[in-house]
Amino acid sequence: MSEKKKNTNPVLGKLSPMNNKLLKHDISTLQHAFVDHLEYTQAKDKYSATDRDYYKSLAYTIRDRLFERWIETQQNYYAVDAKRIYYISMEYMMGRTLRNALVNLGIKEDMAKALWELGLDLEDLEQIEFDAGLGNGGLGRLAACFLDSMATLQLPAYGYGIRYEYGIFSQKIKNGYQVESPDHWLRYGYPWEIERPEYIYLIKYYGRTNTYTADSGRLKTEWVDTEELVALAYDTPVPGYGNNTVNNLRLWAAKSTRDFNLEYFNSGDYDRAVIEKISSEVISKVLYPRDDLIKGRELRLKQEYFLVSATLQDIIRRFKKSHKNDFSKLPESMTIQLNDTHPSLAIPELMRILLDEEDLHWEDAWNITIQSFGYTNHTVLPEALETWRVSLMQKVLPRHMEIIFEINHRFMQEINASYPGDIARKRRMSIIEESEEKRVRMANLSIVGSKSVNGVAQLHSEILQNDLFRDFYELWPQKFNNKTNGITQRRWLLNANPGLAELITGKIGNGWITDLNQLKKIEKLADDKNFRKKWADIKQSNKLWLAGCIQKKYGIEINVNSIFDCQVKRIHEYKRQLLNVLHVVTLYNRIKKSGEKTVPRTVIFSGKAAPAYYKAKLIIKLINSVAETVNNDPEIKDALKVVFLENYSVSVAERLIPAADLSEQISTAGMEASGTGNMKFALNGALTIGTLDGANIEIKEQVGDENIFIFGLNSEQVSLRRNTGYKSQKIYSENETLRETIDMIANGYFSKDEPDLFKSITNDLLNNDYYLLLADFQAYLVAQEQVEETFKDKDRWCKMSIINCANMGIFSSDRTIEEYNRDIWKSKPVPVELGILNK
């Protein structure tokens with residue numbers, strides 16, 4: 001049946017849900033919908049239903065209301081031929097969906113009352129939901145914030161990712177060590193998603209290329225003798241706040257083209273009968289398989305291509321519905337944003353489609369491709385810039401490797417014309433790294449194949465332009481721009497900290513929910529004694545609640561009047577959790593040796609280390625070993641406690657951040673692209689102790705020098721130290737406090753059963769302190785002493801807390817998305833009026 005016939009079929013028209021009355025949100029209707037789903041969707045009644053059944057019935061009730069808006073949103077986009085924004089990311093750290101959906105739909109209070117009258121508690125049901133296991137850290141959470149902002153700003157946007165069956169991993173701490181196990185977030189199903197079997201695409205790997213002469217007389221290339229699997233779409237609605245827009249997050253799951261080989265089964269080879277299904281579907285099992293193994297690297301490459309191949313096929317399908325085969329209109333009908341280099345294979349994949357399947361000439365295809373992509377860089381670490389062995393790519397994606405070679409050949413001709421004879425520049429800029437083993441530089445490919453290249457904080461963008469990608473910036477300065485990251489205030493203040501949100505709304509109204517700059521109005525209230533008391537009471541209430549959670553789960557009793565000193569982020573050497581540990585040990589020594597009275601402090605860590613990152617995992621063990629010693633020392637009492645919260649997630653962050661007093665943002669200057677945790681903590685009134693790195697610099701500019709604790713070397717000083725023979729051993733020899741701290745760790749004070757356990761950590765500090773922990777140690781101690789002195793003055797601390805929150809307006813992801821759209825995407829908002837298309 002053609003699309004035209006589908007749209008004009010009178011029977012389908014009568015069945016269109018938009019011709020019926022829209023779903024109501026009154027308490028009685030919500031109750032009836034809930035009970036109906038319990039009985040007819042779940043096949044349960046009040047005698048057999050479990051709490052999970054109640055949760056799922058609630059989710060389906062809310063999902064119905066999302067879907068009616070989702071359908072109308074898509075119809076509106078087609079009706080106005082909207083320029084679509086496609087955001088491709090390997091990660092989406094979405095968190096729980098229930099509360100976010102209720103708040104954005106504006107029915108949280110009515111739903112809570114409806115459930116209460118049925119004898120159920122909304123908050124209890126919320127705790128049943130698993131976090132969607134689609135991300136690990138800042139990259140994925142940023143993507144989730146962006147989706148929320150795009151929907152709230154009514155932009156015609158789509159997220160694309162992979163539906164990881166087991167997430168990255170579930171982290172357990174056993175005997176102080178990180179232990180990874182599968183994240184069974186899909187064990188009980190995911191009621192927010194809907195399977196789309198009508199959207200399946202073949203994904204090819206391996207094989208070879210064949211060049212032939214087409215009937216037109218042109219030389220053509222085909223990719224043949226391939227192995228194939230299927231990408232199956234799963235859709236999750238993404239509602240905007242306070243409007244009718246519901247955008248879509250489409251996730252791909254890998255399915256075998258042949259689930260079961262009956263011939264093998266009948267011959268008794270039962271394992272081989274299902275081996276093809278198992279080997280195919282491993283593609284979407286786990287986020288970031290270990291890349292220290294050859295098989296792991298190959299799987300990771302296949303994952304990245306799986307994502308972009310399915311996504312581009314879907315994009316082209318949607319484009320052809322409105323524009324047939326006129327690909328000259330592709331860049332004006334859509335734009336694709338690459339969230340780091342993981343999806344950068346989309347560039348040669350689009351070229352392959354345009355050249356091999358749509359029969360375009362190279363020049364036309366290349367111009368369309370460049371105008372279709374924007375690239376966001378998220379790292380300044382040279383070792384973190386993604387590269388792939390040419391030999392591996394030739395094996396897995398032979399046609400794409402040919403296209404990349406041709407792109408690079410033409411690019412090198414352009415460089416030669418612009419900089420004749422500059423061999424060193426060509427070597428630096430080449431997409432192919434001519435090392436002992438040739439490698440494809442994915443960042444270089446992304447820059448060459450995109451119309452826009454952006455960093456994610458002012459310092460980060462300056463480093464990209466002046467250092468990391470200086471050659472490219474000199475060639476194409478117009479491509480480079482900055483888009484400082486942001487966070488959605490709906491998730492991180494309205495949802496995560498309802499008490500504080502209510503206090504703010506009571507004073508300045510609710511306009512801040514969609515215009516965070518309005519928070520500036522509360523700055524003057526920092527001098528209001530009554531307002532400060534309410535502010536402090538809310539913080540104390542949040543601390544009490546978190547302390548109860550920690551007591552219940554870990555059996556650690558913490559002092560709720562202590563400084564809640566928090567460092568929660570991915571465990572990595574450059575993020576310098578180890579510097580925090582050195583300070584903890586220093587505090588411990590002071591209390592032990594002299595009984596020195598210090599301001600009580602609870603130091604809270606959380607974060608995951610990559611499974612193959614031995615050093616980061618050993619740092620986790622050190623944190624827990626120090627915690628065990630400190631927390632069980634009767635001389636310390638409640639003056640100092642150390643807690644490691646396992647299995648960090650959005651839900652953990654939502655409990656922790658509102659209770660934090662101090663936010664540790666202490667990465668080596670020049671190494672953190674932006675950070676968004678710093679913004680979340682400051683938005684909730686935590687004060688920052690940090691280096692001049694990433695977005696810390698911009699936070700400092702907004703809140704003022706007197707309302708933040710900055711210490712340590714800046715990025716230029718870091719480079720100078722490294723380039724002029726930095727000797728950490730000398731600092732160790734001259735600083736008695738530091739020497740005592742390191743010696744305790746090195747000599748087994750915190751690992752008496754294995755005295756040498758942490759020797760590799762201390763040896764690196766003394767002989768290869770690349771991240772300059774010892775260079776910043778003394779300045780860090782001084783800053784921490786300033787923290788303690790300030791915390792003693794409760795009024796001053798509370799004023800600083802209010803001022804921090806009040807000046808976070810610029811760090812809304814709404815502002816970030818508006819800048820992306822203004823400068824790169826150039827789409828237009830599409831307001832959605834429910835039912836208008838069927839009137």
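In the predicted model, D148 is buried, with a relative accessible area of 5%. This residue belongs to helix α8, which spans residues 138-152. Although D148 is buried, its side chain has a polar partner: a polar contact of 2.8 Å links it to the side chain of R490. When neighbours within four places in sequence are left aside, the residues in contact with D148 are N100, N104, V238, P239, T488 and R490. R490 therefore appears both in this list of contacts and as the partner in the side-chain polar contact, whereas D148 itself counts as buried because its relative accessible area of 5% falls under 20%.

A further buried polar residue is found in helix α27, which covers residues 677-683 and includes N678. The relative accessible area of N678 is 1%, so this residue is buried. The side chain of N678 forms a polar contact of 3.0 Å with the side chain of N696. Beyond residues up to four places away in sequence, N678 touches S663, Q665, A695, N696 and I699.

Helix α25 (residues 614-631) was examined together with helix α32 (residues 759-767). The axes of these two helices come within 10 Å and cross at roughly 110°. Because of this angle, α25 is roughly perpendicular to α32. The crossing of the two helices is left-handed. On the side of α25, the contact is made by Y614, K615, L618, I619 and L622, while α32 contributes S760, I761 and D764. By character, the residues of this contact comprise five nonpolar, one polar and two charged.

Helix α25 also contains V630. With a relative accessibility of 1%, V630 counts as buried. The C-alpha atom of V630 is separated by 7.1 Å from that of Y588, although the two residues are 42 residues apart along the chain. Y588 is also one of the residues that V630 touches; the others, with residues up to four places away in sequence not counted, are I636, L640 and V642.

The loop between α25 and β19 (640-645) holds K637. In contrast to the buried V630, K637 is exposed, with a relative accessible area of 62%. The backbone of K637 has a positive phi of about 55°, although the residue is not a glycine. Most residues other than glycine have a negative phi. A positive phi is likewise found at D81, a residue other than glycine, where the value is near 50°. D81 is placed in the loop between α4 (51-79) and β1 (84-88). At 40% relative accessibility, D81 counts as partly exposed.

Helix α14 (residues 362-372) provides a set of buried residues, namely W362, A365, W366, I368, T369, I370 and S372. These buried residues pack against several elements of the chain. The helices among them are α12 (330-333), α13 (346-357), α16 (398-418) and α18 (442-448). The strands β10 (334-339) and β11 (373-376) also take part in this packing.

Key:
Residues numbered from 1 in each chain as written. Predicted model: local features only at pLDDT ≥ 70, side-chain atom pairs only at ≥ 80, totals over all residues. Heavy atoms only, no water. Helix = DSSP H or I, 4+ residues; strand = E, 2+ residues; numbered from the N terminus. Buried < 20%, exposed > 50% of the residue type's maximum accessible area, 1.4 Å probe, protein only. Polar contact = N/O pair within 3.5 Å; in protein donor to acceptor, adjacent residues only side chain to side chain. Contact = heavy atoms within 4.5 Å. Axes fitted to C-alpha atoms, helices over the stretch in contact; angles between N-to-C directions. Parallel < 35°, antiparallel > 145°, perpendicular 65-115°, else oblique. Left-handed = near helix turned anticlockwise from the far one by under 90°. Nonpolar A, V, L, I, M, F, W, Y, C, P; charged D, E, K, R; others polar.
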